[in-house]
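Reader: Hi! Could you pick one part of this model, look at it closely, and then walk me outwards from there to the rest?

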Amino acid sequence: MLTPEENDLLCRVSNNAPMGRLMRQHWTPVCLIEEVAEPDGTPLLVEALGERYVAFRDTNGRVGLLDELCPHRRASLVFGRNEECGLRCLYHGWKMDVDGKVIAMSSEPEGSPLLNKVSHRAYPVKEWGGFVWAWFGDKEDVPEFDPPAFAPTVDTPLAILKIRVPANWAQIHEGQIDSAHSSSLHSSDMVPARVEGAAADDKSWYRPSTDKSPRMQTQTTSYGFHYAAIRKPIKNAATHDYLRITEFIAPYYSLIPPNSSYNVASVIVPVDDETTHFHFIAWGGTACPTTEEWRKFNHAEKGVDLDEKWRSRRTLENNFLQDRELMKQGNFTGVLGIPNQDIVMWVSMGPIVDRTNDILGASDLAIVEFRRLMVDAARKVAEGGKAIGTEEPRLPHSRIMSREGVFPKTTDWRTLVNHNEMVAAE
């Protein structure tokens, strides 16, 4: 359980909240590259950390991210004209380039000195791993971009789905780092099988265990924490354990244990205190699906399962289109798609879950660690300290990986993922 003050520290990102300030000390994935793929295309409203911005790709292919409202009379630039290397406000024709420089003022006299005196707030951006990343921190101290663990190289194969979820970011993160729930909630999609390790095809994921009650062990790291969910395997249960090791890389993403075909990650970015952009990613491996295949497999196709703003057609008001007849036929949830099953749980908790009266058990050890870690991290920022994962020496994210597999009981799971002396004592 958390106190009300701790729950607010964990959840709130808007209005200069400590957690929002913490997140601004990291490069933030603000939209998908596919959303701003076209030069001189439609400007995109970007919402992150309780603020609103506009993203656009200019005539020369450069991506810009500006504050949403025109500096002149505060009209939205989302409706502006994207043309000739700038974004022109419809109201009076003021035009800004990707660096925020005002390059035209149609409403002002030719030669007006105002043109050289006004600029608009623009943010450094980086395109990488399917995302446009933005730096919202100190513009005088922009850190070098660190490629995320799910895209260690520029040509890493990956597939991303995106869903706008009406729930707080922290309860979504807790769901993604919770290995125990998968044996129940996702039991119709993550099927026990006599496989050597986790496997996947276009129908299901397969696991070498029927154990629904994993033992949990955690370890704090310089970038967040990792933990092992230890289960009995189907084969050689007397001498071996089935290990699933998850990595939480603060503040935005987790590495979920892979399967034999590809790796899995989730990227979770707060829109505001009560809304989140959730991204589920397949990457690398020997048979990474295409984006189209991945979205279809997870029943998260835009225009089919989601509307044009990435909102699910399954809502609390329509009971998430849960199929009770399908449940009678053996499907555990009556909801198709692994992310959709999670979303039912997250949204049903309410926009911000009340953690002052929940009851945690032994299988919730990773949840306890996440809450402790991030509440302490928010307090540190509130007191003027640096954000978690930003202090030197830092471990490059490309060296972090999750693991899974059947190993002898004598195996210390930490030796499978500890990369160097950067990992702190448990």
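Author: Happy to! A residue is called buried here if its relative accessible area is under 20%, and exposed if over 50%. Please keep in mind that this is a predicted model. The part I have picked is strand β16. By that cut-off, eight of the eight residues of β16 are buried, so the strand is largely enclosed by the rest of the structure. Its two faces can be listed separately: Gly224, His226, Ala228 and Ile230 lie on one side, Phe225, Tyr227, Ala229 and Arg231 lie on the other, and both sets are buried.

Now for the strands beside it. Strands of a sheet pair through backbone hydrogen bonds, either parallel or antiparallel. With β15, the pairing of β16 is antiparallel and runs over six bridges. A hairpin of three residues makes the link from β15 to β16. Within this pair, Gln219 has His226 of β16 as its bridge partner. β16 is also joined to β17, through eight bridges and again in the antiparallel sense. There, Ile230 is matched with Leu243 of β17.

β17 gives us a residue worth a closer look, since Thr246 lies in that strand. Thr246 has a relative accessible area of 4%, which means that it counts as buried. Neighbours within four places in sequence left aside, its contacts are Ile177, Phe225, His226, Tyr227, Leu255 and Pro257. Phe225 and Tyr227 belong to one face of β16 and His226 to the other.

Next comes the helix that these strands help to cover. The list of elements covering the buried residues of α7 includes β15 (215-220), β16 (224-231) and β17 (240-249), along with α1 (4-11), α2 (18-23) and α3 (169-176). The buried residues of α7 are Ala366, Ile367, Glu369, Phe370, Arg371, Leu373, Met374, Val375, Ala377, Ala378 and Val381. You can check the geometry of α7 yourself: it has 18 residues (365-382), and at 1.5 Å a residue it should span 26 Å, which agrees with the 26 Å between its end C-alpha atoms. After the helix comes Gly384, with a positive phi near 100 degrees.

α3, another of the elements that cover α7, is itself mostly covered, with eight of its eight residues buried. They are Trp169, Ala170, Gln171, Ile172, His173, Glu174, Gly175 and Gln176. The N-terminal end of α3 is capped by Asn168, which has a side-chain oxygen 2.9 Å from the backbone nitrogen of Ala170.

Another mostly covered strand is β11 (residues 158-165), where seven of the eight residues are buried. β11 runs antiparallel to β20 (residues 275-283), and eight bridges join the two. Ile160 has Ile281 of β20 as its bridge partner.

Moving further out, an unreviewed UniProt entry places a feature called "domain: Rieske" at residues 27-134. In the model, this span is 0% helix and 38% strand, and its end C-alpha atoms lie 6 Å apart. One open sheet has three strands in the order β1-β10-β9, paired antiparallel. β1 (28-32) and β9 (125-128) are at its edges with a single partner strand each, so each has one side without a neighbour in the sheet. On average, neighbouring strands of this sheet are turned by 30 degrees against each other, direction ignored. Four bridges connect β9 with β10 (residues 131-134), and one of the matches is Lys126 with Trp133 of β10.

A second open sheet of three antiparallel strands follows the order β2-β3-β4. Its edge strands, β2 (44-48) and β4 (63-67), each pair on one side only. β3 (residues 51-57) and β4 are joined by five bridges, and Tyr53 stands opposite Asp67 in β4.

Let's finish with a loop residue. Asn318 sits between α4 (291-297) and α5 (324-328), and its relative accessibility of 30% means that it counts as partly exposed. Its side chain reaches the backbone oxygen of Arg313 at 2.8 Å and the backbone nitrogen of Thr315 at 2.9 Å.

Note on methods:
Residues numbered from 1 in each chain as written. Predicted model: local features only at pLDDT ≥ 70, side-chain atom pairs only at ≥ 80, totals over all residues. Heavy atoms only, no water. Expected span 1.5 Å × (residues − 1). Buried < 20%, exposed > 50% of the residue type's maximum accessible area, 1.4 Å probe, protein only. Contact = heavy atoms within 4.5 Å. Polar contact = N/O pair within 3.5 Å; in protein donor to acceptor, adjacent residues only side chain to side chain. UniProt positions renumbered as here; feature names shortened; annotations may be inferred. Pairing = 2+ DSSP bridges. Axes fitted to C-alpha atoms, helices over the stretch in contact; angles between N-to-C directions.
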